[in-house]
Amino acid sequence: MNWTAIAAIYRFEMSRFFRTLAQSFFSPVLSTSLYFVVFGTAIGSRIQEVEGVSYGAFIVPGLIMLSVVMLSISNASFGIYFPKFLGTIYELLSAPVNFFEIVIGYVGAAATKALFVGLVILATATFFVDIRIEHPFAMAAFLILSCLSFSLLGFIIGIWASNFEQMSLVPQLVVTPLIFLGGTFYSISMLPPLWQTITLFNPVVYLISGFRWSFYGSADVPIVLSLLAILAFTGLCLAVIGWIFKTGWRIRS
Amino acid sequence: MTTILSIRDLRKSYADGFEALKGVSLDIEEGEILALLGPNGAGKTTLISTICGITTPSSGEVTVGGHDIQTDYRAARRMIGLVPQEIALEPFENVWNTVRLSRGLFGLGKDNARIEETLRKLSLWDKRNNAIKELSGGMKRRVLIAKALAHEPRVLFLDEPTAGVDVELRKDMWEIVAELKRDGVTIILTTHYIEEAEAIADRVGVIDKGELLLVQDKETLMAQMGKKQIEVMLSEPIAQIPDSLALHNLTLNGVGDVLVYTYDTHADRTGITTLLNDVSQAGLVLRDVQTRQSSLEEIFVNLVSGETV
């Protein structure tokens, strides 16, 4: 393994993040605050409690997941799409690195940035609501796995995309609806029975449910299923990455 | 001299059937400067991209310093630096970090002194903290070279390094190349500026339609392929070439005071003595005589148009 190269890619990607640190920090703080004002205060005052937790606190895990998933995808997809767009990918291809080392560098940096924002949102939320984390290790595991797996997905999107429109296609048309319908702002038990069944086909449900369980100890689906789902998703992304590595799809002519 | 880069029957064809390289074989000696000449679409960039790992070859074998570019790609690529044709740089990053990334990618640890030396050599030191987007086109090209040199390569590929570059910067670039040669770096450059090859190359390769038409020592090539001309300047203009000189295939300039005789330098008999005798016997008085050798450009045009090989 060329660890020096992995570190070089990681550092280079992170330097972009540090150049816009204020933006990276204040943007999630502002958007989280807005969510609390709109959902937590305006709607939450009518809902009171969900599964024994105040509505404001209930939506915190979902809000974190929403940002983490979207940011992981956009960070990783732009991270690898930009060199393709600018032409700087020539250097990656002619360097003594293999594809997995490139993936580790880019995905690692994208996941780190998303993790940072996730923690900023968590910290911001503590100013608005009382939060308890019953299973901190599970919380960390879900958070890190989500950052990594969706960064892998973002990387695949970045490799696949041949223009900027395609870059936003999957996040906007697929991921956003799945997150909003995945129990970010409500418990699945609040839905009619038919919709409860349909919702179980949404993979994000398992993610948010598991993450919420690590906070408040209650979940829409069994925690083991949540863990298996996130592991399966990570495995699937890795398999696709492996196939790209083998075939050089959209990278090496 | 030892061979540092060996290419054997290298082929590259694409899914649509287009053959970009049709069995190129070439040995490059350590420390030499080889200029690859060829028109647009000849396969110059494909050849370089394949050696550097950007394009996968369809068949054939390439070794760099004895390392196969596919089975031992890490060792092979560590020896290679590539300066691409297009300016491809991250616009918002500064010069220092951009160059440092290149060094890291090739597995070399932090060495600020080495990066400083490279930046100073390329007159980029004062710009080290500037974002790439603030640099002029010429400076960006220098950054590309600095990136390629950051990992101390033994073989440097320069893909049209002076395309779209002004005369002054081109001269600078030639000086940089000469300095790298002094440092022992082997340089392969592609160009379609013939004067570039003529000015800096040790050997010249001509590539067209995916085939290497020839590779030869520059001087030998010019001597062998070159046609020489004698310009015979007359003291009095003439209206037409006298019939007695018809056998020499002369041409007369517009004013009528210069006769031009073209001959092969490697012919057994150049016919110069006979010509001068015949000119004298025709009653023409000479004012001056001068010779002119055809340039690489003329040789090149002849080669790719298939007139002479």
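Reader: Why is helix α9 (residues 272-281) of chain B said to lie largely in the open?

Author: Start with the count: of its 10 residues, one is buried, so the helix lies largely in the open. A residue is called buried if 20 or more other C-beta atoms lie within 10 Å of its own, exposed if 12 or fewer, and partly exposed in between, with C-beta atoms placed from the backbone. Helices here are DSSP runs of H or I with at least four residues, strands are runs of E with at least two, and both are numbered from the N terminus. After α9(B) comes B:Gly283, with a positive phi near 85 degrees. This is a predicted model, in which local features need pLDDT of at least 70 and side-chain atom pairs count only at pLDDT 80 or more, while totals for chains, interfaces and linings use all residues. Residues are numbered from 1 along each chain as its sequence is written, and chains are lettered from A and ligands numbered from 1 in the order in which they are written.

Reader: What makes both faces of strand β6 (residues 80-83) of chain B count as covered?

Author: B:Ile80 and B:Leu82 on one side are buried, and so are B:Gly81 and B:Val83 on the other. The strand also has a parallel partner: four bridges link β6(B) to strand β7 (residues 155-159) of chain B. Two strands are said to pair if DSSP finds at least two bridges between them, so four bridges qualify. One of the matched residues is B:Val83, whose bridge partner in β7(B) is B:Leu158.

Reader: Which residues is B:Phe157 in contact with, leaving aside its neighbours within four places in sequence?

Author: B:Phe157 touches B:Ile48, B:Cys52, B:Ile80, B:Leu82, B:Val83 and B:Ile188. In contact means that the two C-beta atoms, placed from the backbone, lie within 7 Å. B:Phe157 is also among the residues with the most contacts inside the largest nonpolar core, a set of 136 residues. The others on that list are A:Val68, A:Tyr106, A:Val107, A:Phe155, B:Ala35 and B:Ala146. Helix α3 (residues 55-86) of chain A supplies the largest share of this core, 17 residues. A nonpolar core is a set of buried Ala, Val, Leu, Ile, Met, Phe, Trp, Tyr and Cys residues joined through C-beta atoms within 7 Å.

Reader: Why is chain B called more spread out than a compact globule?

Author: Its radius of gyration is 24 Å, well over the 19 Å that the globule rule gives for 309 residues, so chain B is more spread out than a compact globule. The radius is taken over C-alpha atoms, and the rule is 2.2 Å times the number of residues to the power 0.38. Along the principal axes, the C-alpha trace of chain B spans about 80 × 45 × 40 Å. The domain assignment splits chain B into domain 1 (3-223) and domain 2 (227-293), with bounds from an automatic or database assignment. Their centres, taken over C-alpha atoms, are 45 Å apart.

Reader: And how do you know whether chain A agrees or disagrees with a compact globule?

Author: With 253 residues, a compact globule would have a radius near 18 Å, and chain A has 19 Å, so the value agrees. Its C-alpha atoms fill a box of roughly 60 × 40 × 35 Å along the principal axes. Buried residues make up 45% of chain A, while 35% of the 309 residues of chain B count as buried. Chain A has 10 helices and two strands; chain B has 10 helices and 14 strands.

Reader: What makes β12 (251-252) and β14 (286-293) of chain B edge strands?

Author: Each of them pairs on one side only. They belong to an open antiparallel sheet with the order β12-β13-β11-β14 in chain B. Two bridges join β12(B) to strand β13 (residues 258-264) of chain B, and B:Thr251 has B:Val260 as its bridge partner. Another open sheet of chain B, also antiparallel, has the order β2-β1-β4-β5.

Reader: Which element gives the most to the side of chain B that touches chain A?

Author: The contact takes 28 residues from chain B and 21 from chain A. On the chain B side, α3(B) gives the most, with five residues. By class, that side has 13 nonpolar, eight polar and seven charged residues. Ala, Val, Leu, Ile, Met, Phe, Trp, Tyr, Cys and Pro count as nonpolar, Asp, Glu, Lys and Arg as charged, and the others, Gly among them, as polar.
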